[in-house]
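Me: I am new to this structure and would like a close look at one part of it. Please start there and then work outwards to the side-chain contacts.

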Amino acid sequence: LKSTLFWKMCCDLKRRFLLLYATQKGQAKAIAEEICVQAGARGFEADMHCISEMDKYNLEGEKDPVVIVISTTGTGDPPDTARKFVKKIQDKNLPRDHFAHLQYGLLGLGDSEYTFFCNGGKTVDRRLQELGAQHFYDTGLADDCVGLELVVDPWIDGLWLALKKVFLLQKEKEGMSNDVSAVSSTLSAAVCVGHELNLSSEIQNLKLEDEGDASSDVSSQKPVDINLLASSRDTEPSLVHSVPPISQAALNIPVLPPEYIEVQFQDTHGENPHPSILISEGTTFEVPVTKAVQLTREDAIKTALLLELDIANTAFDYQPGDAFCVICPNSVSEVEELLHILGLSERGECFVCVKVKEGTKKRGASRPQHIPERSTLKFILTWCLEIRAIPKKAFLRALVEYTSNAGEKRRLQELCSRQGNSDYTRFIRESNVCLLDLLHAFPSCKPSLNLLIEHLPKLQARFYSASSSNLYQPGKLSFVFNVVEFPACPTRPVSRKGVCTGWLAELVAPLLHPNKNTLNTKEGSPPTEEISIFARPNNTFHLPSDPSVPFVMVGPGTGIAPFIGFLQHRQKLREEHTDWHFGETWLFFGCRHHDRDYLFKQVHYLTFPVDELRCFLENGTLTHLKVCFSRDSSTAEGASPKYVQDVLRLYAKEVARVLLKDSGYFYVCGDKKHMADGVSDAVVDILSMEMEVDKLEAMKMLAMLRETKRYLQDVWS
């Protein structure tokens with residue numbers, strides 16, 4: 001009786017909540033939209049806004065519960081869309097009870113590969129607490145390293161009961177009958193509201209008990225004949241094939257997201273917009289690529305290229321250590337392939353009008369900002385949509401409706417279901433499967449164009465670190481990158497190159513000498529191509545402001561790039577200020593082979609080789625250069641160190657002196673998972689040994705160095 005009364009009371013309550021999202025690449029927005037869809041199915045009203053739209057909501061006067069989904073970008077910063085909001089709430093003049101009226105739940109997104117995991121969400125959470133706000137639901141911290149859905153799905157499951165409790169308590173305060181009090185008291189044991197929760201069974205315990213409720217967010221799918229899925233000889237699961245128990249299980253699949261985009265083909269002609277209008281992050285600049293050089297030998301495992309851009313006639317400015325973004329298109333061949341599969345090969349150059357579908361059930365539906373209202377179909381697929389994106393479960397759920405083969409339909413249902421979490425992680429997420437891979441694997445799937453626009457995220461510009469100094473080379477901007485390769489595999493029928501690196505490599509091919517190791521410098525030859533860039537300043541990864549302060553640089557592989565800019569800048573300062581005192585500089589570099597991928601060892605400028613690192617050593621700009629080679633066999637009696645972290649340990653006393661006695665800086669650039677973590681472990685060992693303290697104290701010292709911005713990282717995963 002109490003249970004029936006509880007659900008009846010819930011149906012009579014006002015059920016609006018404010019839903020805010022702060023996103024960098026679209027994931028937080030997609031999750032907020034999923035919450036919005038489920039809210040509608042459960043009878044709630046989600047008032048959803050981007051957190052940057054501060055004119056559309058007012059937390060100071062908000063009486064309903066607030067749900068916040070926020071990602072983290074860079075090395076622990078809130079996303080760009082949350083910067084104004086964070087600045088506003090961090091006002092030190094705000095009283096401690098500024099948000100005492102506010103009840104909220106927060107879901108943070110991050111990647112534990114990075115040091116400051118979910119720091120965007122933690123920053124907002126901590127500050128709201130400091131200003132008196134109260135949790136009505138535990139904070140969730142989702143880790144993209146292992147799969148966001150492992151936390152996101154159960155967190156959303158538990159949200160509904162927590163919200164219902166809030167609304168019931170609100171009614172109690174408004175003087176509802178004692179029957180409601182009796183009902184709400186039975187909930188207190190089921191809802192555990194703590195300060196912060198990452199992933200634990202408590203979230204699971206908040207799951208609605210009445211899975212059969214008409215407003216449930218999932219629908220149950222019964223298994224189809226296993227013979228429709230694959231031959232009985234298949235005993236191992238794959239992207240297209242499942243095995244028991246999932247192949248025989250009833251499935252809980254997400255609610256079908258309502259379609260909200262309409263695409264109309266037009267007979268008119270015209271010009272496409274410039275891709276730069278799709279960028280909201282700052283001023284874009286079109287700059288010519290003036291030089292290109294291959295830094296690695298042909299037989300190197302990875303191909304590293306250095307490009308030089310001419311920024312002399314622009315207002316673009318940067319410091320060594322800054323990053324910038326390159327606006328890149330999708331592969332022409334992949335766009336053509338996608339058009340062919342969609343049956344639209346003949347209509348790629350046709351103009352289309354994209355607008356919100358009349359009568360859509362999606363609340364607050366609007367045309368995505370990264371989609372022009374009018375352009376050619378090919379422009380949208382080339383410049384606007386990330387066709388290489390790993391499909392989210394909501395996208396897989398939508399694709400089910402466009403799949404005619406029963407076996408293929410069932411497998412897509414499994415991959416987007418709760419029961420298929422492990423298969424989704426293994427065959428979709430970890431395999432970097434993209435839309436084209438899915439369409440090849442499930443040939444009866446023929447999605448509509450509007451579905452792609454609704455579910456594929458915005459094509460993101462790619463970040464690169466500057467490898468030059470504007471002081472040393474005025475009007476020039478250089479950067480270094482590896483051409484990313486994705487080999488063919490069972491889930492990927494063909495090999496592919498990285499979206500941006502593959503495009504850049506193809507773009508500069510005419511600039512490369514036939515031996516691909518000589519710069520093209522023909523007098524009077526016009527720039528071959530131009531690319532669009534915009535600034536992405538790094539607020540901390542810069543040279544010490546005091547030139548007398550020593551510093552250590554650790555940059556294996558292309559991680560050396562920003563340090564070339566550091567050293568060029570330092571060399572120019574030494575030339576211009578002979579009376580200044582300059583601190584010592586250490587560079588730890590590593591690669592696979594001394595004669596194949598030792599970057600900047602012998603770069604062919606004009607017609608002669610230049611050992612740039614050796615030049616820095618000889619003129620005193622670089623005090624110490626320590627290198628290692630992980631794949632070269634050692635002929636010495638003692639094995640040579642293979643990795644930069646091993647070399648660091650050999651110079652423990654010197655590194656400790658720079659950090660502890662001389663108050664120096666420590667910079668790390670490169671791969672996060674396979675290098676940066678090992679370097680930080682080595683530094684902890686060095687501090688522990690040289691300070692004669694245990695590892696816990698050494699870790700505290702490293703944390704202090706991070707906090708004071710003397711241990712700085714520019715890393716990627």
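How many bridges join strand 9 to strand 13, and in which sense do the two strands run?

Reply: The model is predicted. Start with the strands. Strand 9 covers residues 261-266, and strand 13 covers residues 351-356. Six bridges join them, and the two run antiparallel. One facing pair helps you find the place: E262 stands opposite K355 of strand 13.

Strand 13 also has another partner. It pairs with strand 14, residues 374-376. Three bridges hold that pairing, again in the antiparallel sense. Here C353 is the residue to look for, as it stands opposite R374 in strand 14. So strand 13 is paired with strand 9 and with strand 14.

Now turn to the charged side chains. Side chains of opposite charge can pair when their charged atoms come close. The structure has 37 salt bridges.

Take R410 and E414. Their closest N and O atoms are 2.8 Å apart, and the two form a salt bridge. Both belong to helix 11, residues 406-416. They are four residues apart there, so about one helical turn separates them. R410 has 1% relative accessibility and therefore counts as buried. E414, at 0%, is buried because the cut-off for that word is under 20%.

Next comes D662 with R657. This salt bridge has its closest N and O atoms 3.0 Å apart. D662 is partly exposed, with a relative accessible area of 29%. R657 is partly exposed too, at 29% relative accessibility.

D677 and K672 give a mixed case. Their side chains meet in a salt bridge at 2.2 Å, N to O. D677 has 29% relative accessibility, so D677 counts as partly exposed. K672 has 3%, so K672 counts as buried. Elsewhere, salt bridges link up through shared partners: R16, D47, E62 and D64 are joined into one network this way.

Rings come next. The structure holds 28 aromatic pairs. One of them is W586 with F588. Their ring centres lie 6.0 Å apart, and their planes meet at 5°. The pair counts as stacked because that angle is under 30 degrees. Both W586 and F588 are buried.

Aromatic residues also gather in a cluster. One such cluster is formed by F285, F316, Y318, F324, Y464, F479 and F481.

Some rings carry a charge over them. The charged end of K362 sits over the ring of Y260, 4.9 Å from the ring centre. Y424 has a lysine over its face as well: K393, at 5.5 Å from the ring centre.

Last, the cysteines. A search of the whole structure finds zero disulfides. C500 shows how this works out for one residue. Its nearest cysteine sulfur is that of C328, 3.9 Å away. A disulfide needs the two sulfur atoms within 2.5 Å, so C500 is in no disulfide. C500 is buried, at 2% relative accessibility. C445 is buried as well, with a relative accessible area of 2%.

To retrace the route, go back to strand 13. Follow its six bridges to strand 9, then its three bridges to strand 14. From there, move to R410 and E414 in helix 11, and on to the stacked rings of W586 and F588.

Technical notes. Residues are numbered from 1 along each chain as its sequence is written. This is a predicted model: local features need pLDDT of at least 70, side-chain atom pairs count only at pLDDT 80 or more; totals for chains, interfaces and linings use all residues. Side-chain values use heavy atoms; hydrogens and water are left out. A salt bridge is a side-chain nitrogen of Lys or Arg within 4 Å of a carboxyl oxygen of Asp or Glu. Buried means under 20% relative accessible area, exposed over 50%, partly exposed in between (1.4 Å probe, protein chains only). Rings of Phe, Tyr and Trp (its six-membered ring) pair if their centres lie within 6.5 Å; planes under 30 degrees apart count as stacked, over 60 as edge-to-face and the rest as tilted. A charge sits over a ring if NZ of Lys or CZ of Arg is within 6 Å of the ring centre and within 35 degrees of the ring normal.
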